[in-house]
Amino acid sequence: MQTIFAKSIPGRQGIWPEPAQKESHHYLPENFLRSKRPNLPELSELDVVRHYTLLSRKNFGVDTNFYPLGSCTMKYNPKILEEIASLPGFTDLHPLTPQLKTAGLFTQGALEVLYETEKLLCEITGMDAFTLQPLAGAHGELTGVMLIAAYHQHKGNKKTKIIVPDSAHGTNPASAAIAGYKVISIKSKQGIIDPAALKEVLDDEVAGIMMTCPNTLGLFETHLPEIVELIHSVDGLLYYDGANLNAILGKMKVGDVGFDVVHLNLHKTFSTPHGGGGPGAGPVGVNKKLEPFLPISRVVKLEDGQFYLKYNYPLSIGYVAPFYGNFGVILKAYAYILRLGKEGLNRVSDHAVLAANYVRKKIEDYLEIPYNKICMHEFVASAVKQAQKGVRALDIAKALLDKGHHAPTIYFPLIVKECLMIEPTETESKETLDKFINDLIEIIQIAETNPELLHQAPQNTPIQRLDEVKAARNMELVEPCTI
Amino acid sequence: MPYIPYTPKQVQDMLEVIGVKSINELFDVIPKELKNSTLNIPSGKSEYEVLTHLKNLAQKNRTDLISFLGAGFYDHYIPAPIKHILQRSEFYTAYTPYQPEASQGTLQAIFEYQTAMARLMEMDFANASLYDGGTAIYEAMMMAVRITKRKKIIISETVNPIYRLMLQCYTKNLHLELVTIPHQNGKTNLEELKKSIDQQTACIIVQNPSFFGELQDYSPLFSLAQKQGALSIISVYALLQSILKTPGEMGADIAVAEGQSLGLPLNFGGPYLGILTTRKKHIRQMPGRVVGKTTDKQGQTGFVLTLQAREQHIRREKATSNICSNQALCAFQALLYIAFLGPEGLKRTAEQSIEKAHYAAQKLTSIPGVKLLNDYAFANEFALTLPVNAFELVNHLTARGFIPGFPLGRYYPGLENCLLLACTEKRTFEEIGILTEMIKAYLTYRR
């Protein structure tokens, strides 16, 4: 499909406000103005609406296709959340309004949303305080590691390293490195952290460990109590990556079991849509040890029930975001939690884990499952057997697209060869799961009989397999100007 | 059970397949001493109850005020069709486009966004988006540090103070030297900026228009930086870039912006959009996702995420940035705004805003004791000196339905009597007239 730029018809009227009475050069010196106008599309409202409506049909989303993308929790996003987030009482609110002293009184509703969301997240995770500022999961990780650094600096600890298990998300080591730490990777054993391997690298310079639990294999870290003790014995801190929180809502509180800092992904567990790559939100929760270091501003409730923003926290790490986080996203997560309530949240994990185990059990005879035991909300299968016949995880993924399913996460975690990481979520019906299972089994059977066919997949998508090497080599990252 | 599709019978069937008796049994892998099933939060509410509760909260926010508040975040009109396209759930319920054959919609939209941003700024390339204007400056600064292998960062105090606070936070553990060049009565101190650049300088960071609304042509400064091997970073007002001299023309190495002015609601601070554009020679150090054009097996044009060797999921701790989820849908929103308005619509929006700001400046400075803070050229935002404390004026008028602007004393000690005013095309000449009368009345009453 042509780009919007290729469709441009010079001179065609779009949505044009009235012209100013005088053009800009009347008000501004010429040397402050651009010399030629930008080469941007000139199209009618309908032209643009049609272009993007057609483009939308070249996408899989949760609303159109099953989306079992492991560790991404692609559950259904209730429509009521969109309606709430578009209330003008929220969308039209200028973020600087509460800084105008008494005008803080004019944002009480928004401040209450922030305050209440923090309280709910504290209760769900067992942490003592939350900041909603971080703008995505990885941003939450960076904030969390900066909090760990602030804690150690305040205590005068000389800490240089962060431990990250080899099963961790790539953002973990990247976040730790950006915060100034050396990253020490440790090998898993039987799919989970091995306390012996941890002991080998543990010393006084360890600032903390970053963990995901259940981990990216969908396995619960059963040595957790020992790990907590080991890390705390060197005054290290435990970081909980909340990507997989969907498995343990109402089952376990990460604050109770020894984690000192946690980030959540509201766009995963709390059902705010992912938007094709954001906006997300990555609130960070801490226990009492780390609370003094939280970013500012913080929302405080006064005795008379009024809310206000407090900036006077001398030990705070400062500002990780300009204001109060991705407010529009936070609003949706708040409404989602209220809608589900305690029973509803519990049921989320119940059925997410049920669905994952059901799919696992149904395909275990067809694909190798390296750690084939009761999993949490996701599991990892491997196409090693199929790879011997020349059919790789990638080929299976592409064949699934042909059947109308989004592919699972592939080639992650790095510790399992030819892996497919499958997370069905609690919102997909048994019929959808069965269809996926049957289609997957059929693909595995084709891998036996006609592997070449799978190399040709996908065939039913708007486009066939794309040449990624060419993209990287040619670096066509923008449409060249023709005028 | 909202949003959960299983019937009790189906749950039983599934448990049987798994070989367990109950759902609880699935959680036996969690050691008993770690379990905690108390959730002290209310039971679920109906859709109507939740909506009513949130509507009540929304009503506690006063969004009916006539506002001249800008300070980096602007109340421009958002054309209706934008919302309708954004509600296409094929876009908003998709994940990051890891499977390009099933994500051409998102990928082509990002490619078009990258193109639009590069053309708006007259730079070579743009990435797929960053979180906001502040983190965009931080990422640009880190690019410069990697490229030059130097540690000194020079920033003008006329860059948005909130962004400067963010930089302070991010650089704390990185052993960088952050040098701030003070403003001169609201003006960017070009001479001091020039003097401070040396062989240790990784980059200089400026903003156009500045936080005070001052316009500058930074070409001479940027060419001086280049001679010293330092990179030039400029943060701009995205919408005004349709008429103002571009970062490309000025010779910037990296141009960033908060993209909120391009069709995104104020939304109490987010989600917003971090725009980052740069030169071809710096592309390998650019952070974040980027989409490239390629072909499929049959030679059909298509789009993929590319240059991934820079990114966290490949390079882990050696990545150019830790960014993963960015602001894809916000970038799409900005693209839609540009597509619906076109170059002429953008120009008219910008020029109306500028015209009204100049009218406001003329009206307000006719009040005895009120004058411009300084004599610089400005676009749609400017600073006034008042004969009274600006906070008090703001409080007085806000209680009467007008937000007259932002009191500069909040971030600039010594400027307690100064007010920063912005006009968008939404403000009317009549409103400006009423504002003038209200300020006049307040000052008379104060005397």
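**A walk around chain A**

**View 1. A glycine sits at the end of helix α5(A).** Right after α5(A) comes Gly126(A), whose phi is positive, at about 75°. This is a predicted model, so please read each view with that in mind.

**View 2. Helix α5 of chain A spans residues 108–125.** Step back from the glycine and follow the helix itself. With 18 residues, α5 of chain A reaches 26 Å from its first C-alpha to its last. That is close to the 26 Å expected at 1.5 Å a residue.

**View 3. What surrounds helix α5(A)?** Of the 18 residues in α5(A), 16 are buried, so the helix is largely enclosed by the rest of the structure. Buried here means under 20% relative accessible area.

**View 4. Chain A brings together 15 helices and 14 strands.** Its radius of gyration is 25 Å, close to the 23 Å that the globule rule gives for 483 residues, so chain A is as compact as a globular protein of that length. Along the principal axes, the C-alpha atoms fill a box of roughly 75 × 60 × 45 Å.

**View 5. Inside chain A, 67% of the 483 residues are buried.** Among contacts in chain A with a separation of 6 or more, 70% link residues that are 24 or more positions apart.

**View 6. The accessible surface of chain A comes to about 16,000 Å².** Carbon and sulfur atoms account for 50% of that surface. Now look at the charges: chain A carries 48 positive and 54 negative side chains. The centres of these two sets lie 2 Å apart.

Methods
Residues numbered from 1 in each chain as written. Chains lettered and ligands numbered in written order. Predicted model: local features only at pLDDT ≥ 70, side-chain atom pairs only at ≥ 80, totals over all residues. Heavy atoms only, no water. Helix = DSSP H or I, 4+ residues; strand = E, 2+ residues; numbered from the N terminus. Rg over C-alpha atoms; globule rule 2.2 N^0.38 Å. Buried < 20%, exposed > 50% of the residue type's maximum accessible area, 1.4 Å probe, protein only. Contact = heavy atoms within 4.5 Å. Areas by Shrake-Rupley, 256 points an atom, 1.4 Å probe, with all protein chains shown as cover. Lys, Arg positive; Asp, Glu negative; His and termini not counted. Charge placed at Lys NZ, Arg CZ, Asp CG, Glu CD. Expected span 1.5 Å × (residues − 1).
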